[in-house]
Amino acid sequence: MKLADETGKVMKPVPTQRHYGMDWLRIGAFVMLIFYHVGFSFTPWGFQTPSRGVVGWAEIPLLSLSAWRLPLLFAISGYASAALLAKDASTGAFVKSRLLRLGIPLLFGLTVVVPPQPYMGLVNSGYEHGYGYFLLHDAFSFHKVRYESLPAVMHLWFVIYLLVYTLILCGALMVLPASWRTALARWSERILAGPALLPLGIAGVFAIRSLVYGWTDMHSLFVDRAAHLHFGAMFLFGFVLRGSQALRQTIARQWKLALALGLLGYAFVALEAWYYPGNVPTPHAWYQPLSFAKSVQSWGMVIALFGIADRYWNHDARWRATLVEAVFPIYIAHQTVMVLASYWLRDKGLTAFPEFLVLCVSVLAGSWLFYLVGREIGPLRPLIGLKRRKSAHKPACEDRALASSAT
């Protein structure tokens with residue numbers, strides 16, 4: 001039976017199969033992440049890559065993504081985890097699959113893909129040893145070399161956090177009685193699926209980011225309290241959303257308002273960056289209004305994008321399954337490719353804009369090549385987060401995409 005919202009628009013039922021809109025949203029989020037990391041090199045915020053210098057206004061477009069890009073990724077991961085968990089025979093089977101699909105590429109990434117990043121940073125600061133010496137003596141030494149704390153985690157902190165959140169969630173699902181789980185789901189739905197969705201979400205983000213560490217994430221598992229509260233909550237929100245038709249209906253009614261609020265919040269954030277650019281100290285009187293504006297932007301854009309994905313993007317296309325499968329391997333490779341390309345470009349005499357374009361193309365091409373090569377070599381597939389091929393005669397693109405979607 002079709003349902004209608006308050007405006008009379010026909011609502012789509014809660015999906016029992018794959019939600020293509022979430023796939024497109026996930027693909028878009030990771031593509032934006034590449035442009036964000038490349039653009040980061042041209043801001044005064046600091047990065048390991050030696051760009052052609054700071055571009056004064058570069059932080060303003062990046063701030064349009066900064067407050068919501070990671071919360072969105074964790075929420076999408078929670079949604080996909082709920083979809084995958086519904087297909088597994090048991091929570092234990094799901095835990096095993098996540099440990100294999102996230103843990104193996106995490107170990108491979110930390111030992112093989114990530115080390116060139118801190119090495120190039122050390123070389124840029126005067127490190128005189130070759131890469132072989134670095135791997136044997138410093139890369140996994142558990143001490144600080146110059147300004148680098150080794151071994152480095154770099155961008156794979158996201159995978160560590162995602163794996164930890166998944167294990168905690170599955171532990172809770174296995175320990176809590178079914179009646180408790182049902183009651184918690186109904187309680188969450190009753191609170192969020194209604195007029196309180198936007199104000200409560202904004203208030204929650206504001207409380208977390210104002211009362212703990214603020215908006216600077218530590219990317220260190222045991223000290224990143226604000227990030228765990230924020231990202232962990234978003235992971236749970238996505239998990240609840242997958243099974244709640246009432247919450248999806250609420251988002252369908254409110255996503256336009258959420259978008260307007262998100263853009264309004266960004267307008268204030270951009271205004272602050274215009275008056276106090278880069279490392280210019282922000283006056284104390286701006287602290288709380290700025291944090292509130294980021295909270296509005298963060299929650300508003302996540303809700304808006306979920307609504308847009310459900311309303312406009314929930315359809316299949318020829319390249320969708322391949323792109324979904326490629327997202328995780330590309331994420332593993334992209335930052336190392338960017339660092340190496342940046343050092344190659346630094347003496348080419350390019351100005352900032354041509355360098356930015358070359359870097360974007362280089363990172364996209366290099367990361368895509370990493371995926372293409374890895375997917376065709378059987379032993380490499382698990383190392384880059386892909387499922388082993390079941391049969392050489394049976395195409396498995398859709399199955400591989402589904403199995404990788406929780407990352």
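## A walk through the helices and their salt bridges

Start with helices α5 and α13, which run roughly parallel to each other. Here angles under 35 degrees count as roughly parallel, over 145 as roughly antiparallel, 65 to 115 as roughly perpendicular, and the rest as oblique. The model is predicted: local features need pLDDT of at least 70 and side-chain atom pairs pLDDT 80 or more, while totals for chains, interfaces and linings use all residues. Residues are numbered from 1 along each chain as its sequence is written, and side-chain values use heavy atoms, without hydrogens or water.

**Stop 1: helix α13 and two partners**

Select residues 116-124 for α5. Add residues 320-345 for α13. Helices (H or I, at least four residues) and strands (E, at least two) are DSSP runs, numbered from the N terminus. The axes of α5 and α13 come within 9 Å and cross at roughly 25°. Axes are lines fitted to C-alpha atoms, for helices over the stretch in contact, and angles run from 0 to 180 degrees between N-to-C directions. What is the hand of the crossing of α5 and α13? The crossing is left-handed: the near helix is turned anticlockwise from the far one by less than a right angle, and clockwise would make it right-handed.

Keep α13 on screen and bring in α4, residues 91-113. The axes of α4 and α13 are 11 Å apart, at an angle of about 15°. These two helices are therefore roughly parallel as well. Their crossing is right-handed.

**Stop 2: from α13 to a loop**

Stay on α13 and select E325. Then select R381, in the loop between α14 (352-376) and α15 (397-404). E325 and R381 form a salt bridge, with their closest N and O atoms 3.6 Å apart. The term means a side-chain nitrogen of Lys or Arg within 4 Å of a carboxyl oxygen of Asp or Glu. One partner is in α13 and the other in the α14-α15 loop, so the pair ties together parts that are 56 residues apart in sequence. Is R381 buried or exposed? R381 counts as buried because its relative accessibility is 1%. Buried means under 20% relative accessible area, exposed over 50%, partly exposed in between (1.4 Å probe, protein chains only). E325 is buried too. Now add Y371, which is 10 residues from R381 along the chain. The C-alpha atoms of R381 and Y371 are separated by 9.1 Å.

**Stop 3: other charged pairs**

How many salt bridges does a search of the whole structure find? It finds eight. Go to R18 and D23 next. The closest N and O atoms of this salt bridge are 2.5 Å apart. Both R18 and D23 are buried. Now add D316 and R320: salt bridges link R18, D23, D316 and R320 in a network.

Then select R209 and D217. They form a salt bridge with closest N and O atoms 2.7 Å apart. Here again, R209 and D217 are both buried.

**Stop 4: a nonpolar patch**

Select L211, V212, Y213, M218, F222, V223 and L229. Together they make a nonpolar surface patch of about 740 Å². Patch residues have over 30% relative accessible area and no salt bridge; like charges are joined within 9 Å, nonpolar side chains (Val, Leu, Ile, Met, Phe, Trp, Tyr) within 5 Å. Areas come from the Shrake-Rupley method with a 1.4 Å probe; for residues, only the protein chains shown count as cover. Zoom in on L229, in helix α10 (residues 225-242). L229 counts as partly exposed because its relative accessibility is 44%.

**Stop 5: backbone oddities**

Most residues other than glycine have a negative phi, and most peptide bonds are trans. Select H219, in the loop between α9 (197-211) and α10. Phi of H219 is positive, near 55°. At 37% relative accessibility, H219 counts as partly exposed.

Jump to F142, in the loop between α6 (131-138) and β3 (144-145). Phi of F142 is also positive, near 55°. F142 counts as exposed, at 70% relative accessibility.

Move on to L150 and P151. A cis peptide bond joins them, with omega about 0°. P151 is in the loop between β4 (148-149) and α7 (157-175).

**Last stop: a long-range pair**

Select E59, in helix α2 (residues 59-66). E59 counts as buried, at 5% relative accessibility. Now select A273, which is 214 residues from E59 in sequence. How far apart are E59 and A273 in space? Draw the line from C-alpha to C-alpha: it spans 7.6 Å.
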